[in-house]
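Biologist: Shall we go through some labels together? I would like to hear how each one is earned.

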Amino acid sequence: MTGEETIRRFWEIQDSGDYTQLVPLFAEDAVVVDPIYGTFRGREAIGGFMAKMVEEMGAQQTSFTVEEIGGADAPDGHGVVWAQWIADTPRGKIQGCGLYRTYGGQLTYYRDYMNAAAETEGG
């Protein structure tokens, strides 16, 4: 899979709401950097973080929608991909962007960036 195909698959799985199903897409030594929960190194730690995300996003009534995905692969198979997304929360919508590095159909690095929530009317 190309890097972009890997991230499209990532978002197909994420849309289900069970983030633990994402874990096989990560390389054994992958790194995830989340702006709220911190840095997780290795598939086992990432698995624990994804389990926490299932609980937290359910409790917070938050879901994510990908808006756009793009990227490119180098001739050696390493890819750099980005995804623009929106988190729908009870307090409003949050725009964000994920930056991903891939290799051999797996994520080796993932970092999210996000804006502050835009308050909805009456919120």
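Modeller: Let's start with K93 and D88, whose closest N and O atoms are 3.5 Å apart.

Biologist: Why is the contact between K93 and D88 called a salt bridge?

Modeller: A salt bridge is a side-chain nitrogen of Lys or Arg within 4 Å of a carboxyl oxygen of Asp or Glu. The closest N and O atoms of K93 and D88 are 3.5 Å apart, so the pair forms a salt bridge. Please keep in mind that this is a predicted model, where local features need pLDDT of at least 70, side-chain atom pairs count only at pLDDT 80 or more, and totals for chains, interfaces and linings use all residues. Side-chain values use heavy atoms, with hydrogens and water left out, and residues are numbered from 1 along each chain as its sequence is written.

Biologist: What makes K93 and D88 partly exposed?

Modeller: Buried means under 20% relative accessible area and exposed over 50%, with partly exposed in between (1.4 Å probe, protein chains only). K93 has 45% and D88 has 37%, so both are partly exposed.

Biologist: Why does E12 count as exposed?

Modeller: Its relative accessibility is 51%, so E12 counts as exposed. E12 forms a salt bridge with R9, with the closest N and O atoms 3.2 Å apart. R9, at 39%, counts as partly exposed.

Biologist: How do you know that K52 and E56 are separated by about one helical turn?

Modeller: They are about one turn apart because they are four residues apart in helix α2 (residues 43-59). Helices here are DSSP runs of H or I, at least four residues, and strands are runs of E, at least two, numbered from the N terminus. K52 and E56 also form a salt bridge, with the closest N and O atoms 3.8 Å apart.

Biologist: What about D34: which side chain of opposite charge is nearest?

Modeller: That is R111, 9.5 Å away, and buried D34 has no salt bridge. For charge, Lys and Arg count as positive and Asp and Glu as negative, while His and the chain ends are not counted. The side chain of D34 does reach the backbone nitrogen of Y37 at 2.8 Å, and a polar atom of that side chain lies 2.9 Å from the backbone nitrogen of I36.

Biologist: How do you know that β5 and β6 pair?

Modeller: Two strands pair if DSSP finds at least two bridges between them. Strand β5 (residues 92-103) and β6 have eight, in the antiparallel sense, with Q106 as the bridge partner of Y103.

Technical notes
Polar contact = N/O pair within 3.5 Å; in protein donor to acceptor, adjacent residues only side chain to side chain.
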